[in-house]
Amino acid sequence: MAAVAALALLLGGCGGGDGDEALPPPPSIAEPTTVPADPYAVPAVIDAAYVNRVLEGLDAAMSDVVRLVIRSRDLPPEAVERLEAIYAEPGVLRLRQNLIQQDLNKQLEGYRENPGNQKT
């Protein structure tokens, strides 16, 4: 019991007395990082992480089209719909369709049977 009393006296005496001294700030806690519900929603500041997410999404979408073409050995309506979602400009869409058709005419020479996603 005497040890507890001595400890209390020591701790009480270390305060400096007049109470004008500021206490040190509490340790800071990092703000949690949140990912928006829509990973493609345009952030206030476009950073490299956002650009990489968008490019990965476009690579995956285009690679899905390639896999559909390889599987069907044609340009099926589902692939055309996906191309239309990727390419807003009609001229660019037609160009991409023509390039795919040229590859089909060459029996998809150089294509792997089950390609992964391209990487931009």
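**Note on helix H2 and its surroundings**

1. The largest nonpolar core, a set of buried Ala, Val, Leu, Ile, Met, Phe, Trp, Tyr and Cys residues joined through side-chain atoms within 4.5 Å, has 14 residues, and those with the most contacts inside it are Val65, Val69, Leu75, Leu83 and Ile100. Helices H2, H3 and H4 each supply at least two residues of this core, and its largest share, five residues, comes from H2.

2. This is a predicted model, in which local features need pLDDT of at least 70 and side-chain atom pairs count only at pLDDT 80 or more, whereas totals for chains, interfaces and linings use all residues. Residues are numbered from 1 along each chain as its sequence is written, and side-chain values use heavy atoms, with hydrogens and water left out.

3. Helix H2 covers residues 48–72; helices here are DSSP runs (H or I, at least four residues), numbered from the N terminus. Its buried residues (under 20% relative accessible area, with exposed being over 50% and partly exposed in between, for a 1.4 Å probe and protein chains only) include Tyr50, Asp59 and Met62, and the buried residues of H2 pack against helix H3 (77–86) and helix H4 (90–105).

4. Asp64 forms a salt bridge (a side-chain nitrogen of Lys or Arg within 4 Å of a carboxyl oxygen of Asp or Glu) with Arg67, the closest N and O atoms being 2.6 Å apart. Asp64 also meets Arg82 in a salt bridge at 3.3 Å, N to O; Asp64 lies in H2 and Arg82 in H3, so this pair ties together parts that are 18 residues apart in sequence.

Notes:
The expected span of a helix is 1.5 Å times one less than its number of residues. Contact means heavy atoms within 4.5 Å.
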